[in-house]
Structures are given as structure tokens and as C-alpha cells.
Amino acid sequence: MQNDLNAKTQMSLQLMKRWVVNYFNPHSDAAAREFIAPDYKLEIGDVVFAGRDDQWLPAVQQQFKLFPSLGMTVHQAIAGDGWAAAWFSEHGASEGKAACWSGVAIYINDGTQLTRCVAQEDYFTRHRQMKSGICDALEAPAVAPWDMPQAAPDAGAMAVVKDWLNGSWPPKEEGVRCDDEHITGVPLQFQVHRTVIDELHASGSDVVFHARQVGTYVNGLAGMVPHQADAVLHCNGIVKVLNGQVVHGRVIRDRVGLKASLKKATVNP
């Protein structure tokens with residue numbers, strides 16, 4: 001049974017490796033069609049690209065055209081039966097300006113092909129760098145992201161993260177890095193009233209999640225009216241749990257989507 005679990009976990013990890021190494025970094029649509037299902041679906045915030053050839057591949061091609069040298073560096077990879085997840089950075093140059101931005105993605109598979117991805121990328125950070133012309137430093141890559149041992153999910157760690165996601169932002173844990181707050185020094189302040197967890201997986205005590213948090217936007221986005229209620233914030237993250245507490249990790253939140261919804265609410269109260 002354990003060998004079967006290990007085989008399924010390794011398959012999940014290898015499919016994600018192929019996504020990065022064979023498809024994304026070489027910009028190869030042909031490679032993508034070899035291991036990504038025709039009905040593949042990408043969910044990123046409230047945006048859904050359904051269909052590998054009709055919607056998803058054309059959307060990524062637009063990114064490749066905007067950033068011809070676009071590449072991906074993986075900082076952490078975890079996996080289990082039917083899923084794999086990565087904290088990564090994308091980086092490239094467009095019209096003479098370079099940028100790098102982080103993301104957290106969860107890839108779902110059917111045992112042979114990738115069928116779905118739920119991701120968040122920090123496009124807010126990318127916009128800041130393109131506007132200023134100053135590129136952030138790229139965070140250190142994982143030395144061997146595809147070769148690190150994986151573990152059976154720790155149910156206790158997953159329960160801790162479920163509870164932790166009901167807390168408000170910014171988090172009290174100094175080891176949890178959110179978006180680009182460590183660079184700008186301007187935290188997103190968001191009071192969480194309730195949380196819907198759409199994806200929650202673990203490799204040992206490393207837990208990955210996608211959640212939709214409903215609450216009150218307090219402050220942190222330039223030009224936005226503070227203290228707006230009934231706001232929705234999508235967030236993905238990979239965090240480490242030790243001794244019943246979240247101790248560190250990487251979280252990416254959909255600040256672009258949040259800002260757009262806040263603007264719309266202000267115009268149409």
C-alpha cells in the first residue's frame with residue numbers, strides 16, 4: 001500500500017516537473033499536449049480558462065508574447081496522490097523592463113495527465129516593477145525540487161491550517177511571507193469573517209491551500225476606500241506546521257481581483 005502511495009505521489013511530482021521543464025520554460029505547446037488533458041482547466045482568482053487548446057494555451061501564449069524570455073523557477077515542490085503543488089517565481093523582460101513575481105499553484109491529475117490547476121500569481125507585484133522599471137531580486141531556487149522525499153499527509157497539520165485561515169491579514173507569524181509586503185513594507189489589512197477552503201493538501205506537515213476569504217477590506221491598496229465590507233479575497237499558500245502552529249510559509253493573494261471588486265463596489269454601491 002505504501003509503495004502504491006509513493007508511486008502515485010511520484011507520478012504527481014513528475015507531471016508537475018514536465019509542466020515546468022518540458023512545457024513552460026521551453027514555451028512548447030506540443031509538449032503540453034503530451035501530458036495535459038484536453039479539458040484541462042486553470043482557475044486563477046475569479047478567472048477560469050476551460051479547455052487546453054481553446055482557452056488555456058492561447059492565454060499563456062499571450063504571456064509569452066508579452067515576456068518573450070518568460071521562465072519559471074521553483075522554490076518549493078510538494079506532492080501526494082492525485083496532486084502536486086509549487087511555490088514558484090516567473091521572470092522575464094518586456095519592452096526593456098524586467099520583472100519577477102511569485103505564485104503558488106496546485107496541479108490536479110488523474111494518474112496520467114494534468115486535469116486542473118488552481119493558482120495565484122502576484123500580478124500586482126509585476127505591475128509595480130514594470131511601472132518603476134526596477135526589478136525585484138529573484139528568491140533562491142530549490143536545489144532539487146523534484147527529488148525531495150514526500151510524506152503522507154499530516155491530518156493534524158491540515159486542521160491547524162483550516163483554523164489559521166480564519167484569521168485576518170496581516171498574519172502574526174513573522175515567518176509567513178505574503179505577496180511583496182517584505183519588499184514594500186505596506187501590508188494588506190483584511191478582516192476575515194468567513195473562509196471557504198476549495199483545496200487543502202499536505203505532504204507531512206507542509207500544507208498547501210486555496211481559499212476564498214470573505215470579509216472587510218481595511219487598508220493597504222492605494223486609492224481604495226478603506227473599511228469596505230463583503231469583499232472577497234482569493235489566496236493560495238504553502239505553509240509549514242510545527243507543534244500545532246503555522247511557523248513559516250509563502251502566501252500569494254489576488255490583490256488585483258480584490259482591487260477591481262472594490263472599485264466596482266465603490267462605483268455601484
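User: Which residues does threonine 125 touch, not counting residues up to four places away in sequence?

Analyst: This is a predicted model, in which local features need pLDDT of at least 70, side-chain atom pairs count only at pLDDT 80 or more, and totals for chains, interfaces and linings use all residues. Numbering starts from 1 along each chain as its sequence is written, and side-chain values use heavy atoms, with hydrogens and water left out. Threonine 125 sits in helix H4 (residues 123-132). With contact taken as heavy atoms within 4.5 Å, and with residues up to four places away in sequence set aside, threonine 125 touches Cys100, Trp101, Asp136, Asp180 and Arg255.

User: Is threonine 125 buried or exposed?

Analyst: The classes rest on relative accessible area, with buried meaning under 20%, exposed over 50% and partly exposed in between, for a 1.4 Å probe and protein chains only. Because its relative accessible area is 4%, threonine 125 counts as buried.

User: How many helices and strands does the chain have?

Analyst: Both kinds of element are DSSP runs numbered from the N terminus, helices being H or I runs of at least four residues and strands being E runs of at least two. By that rule the chain has seven helices and eleven strands.

User: What radius of gyration does the chain have?

Analyst: The radius is taken over C-alpha atoms, and the globule rule is 2.2 Å times the number of residues to the power 0.38. The C-alpha trace spans about 50 × 50 × 35 Å along its principal axes, and 50% of the 269 residues count as buried. For 269 residues the rule puts a compact globule near 18 Å, which agrees with the radius of gyration of the chain, 18 Å.

User: What share of the contacts with a separation of 6 or more comes from residues 24 or more positions apart?

Analyst: One pair from the chain gives an example of distance in sequence set against distance in space: phenylalanine 49 and cysteine 117 are 68 residues apart along the chain, with their C-alpha atoms separated by 9.9 Å. For the whole chain, among contacts with a separation of 6 or more, the share from residues 24 or more positions apart is 63%.

User: How far apart do the centres of the positive and negative side chains lie?

Analyst: Lys and Arg count as positive and Asp and Glu as negative, while His and the chain ends are not counted. Each charge is placed at NZ of Lys, CZ of Arg, CG of Asp or CD of Glu. The chain has 24 positive and 29 negative side chains, and the distance between the centres of the two sets is 4 Å.

User: How far is the nearest cysteine sulfur from that of cysteine 135?

Analyst: A disulfide is a pair of cysteine sulfur atoms within 2.5 Å, and the structure holds zero disulfides. Cysteine 135 is therefore unpaired under that cut-off, and the nearest cysteine sulfur, that of cysteine 100, lies at a distance of 4.3 Å.

User: Why does cysteine 135 count as partly exposed, and what is the relative accessible area of cysteine 235?

Analyst: Cysteine 135 counts as partly exposed because its relative accessibility is 37%. Cysteine 235 is in no disulfide either, the nearest cysteine sulfur being that of cysteine 178, 8.6 Å away. Cysteine 235 is buried, with a relative accessible area of 0%.

User: Which residue precedes proline 170 across a cis peptide bond?

Analyst: Proline 170 lies in the loop between helix H5 (155-164) and strand S7 (176-178). The peptide bond leading into proline 170 is cis, with omega near 0°, and the residue before it is tryptophan 169.

User: What phi does aspartate 179 have?

Analyst: Aspartate 179 is placed in the loop between S7 and helix H6 (181-184), and at 1% relative accessibility it counts as buried. Histidine 27, in the loop between helix H1 (2-24) and helix H2 (29-35), has a positive phi of about 60° although it is not a glycine. Aspartate 179, also not a glycine, has a positive phi of about 50°.

User: Which residues are in contact with serine 203, leaving aside its neighbours within four places in sequence?

Analyst: Serine 203 is found in strand S8 (residues 189-203), and at 5% relative accessibility it counts as buried. Its C-alpha atom is separated by 14 Å from that of glycine 249, 46 residues apart along the chain. Leaving aside neighbours within four places in sequence, serine 203 is in contact with Ile78, Ala79, Trp83, Gln150, Ala151 and Ala152.
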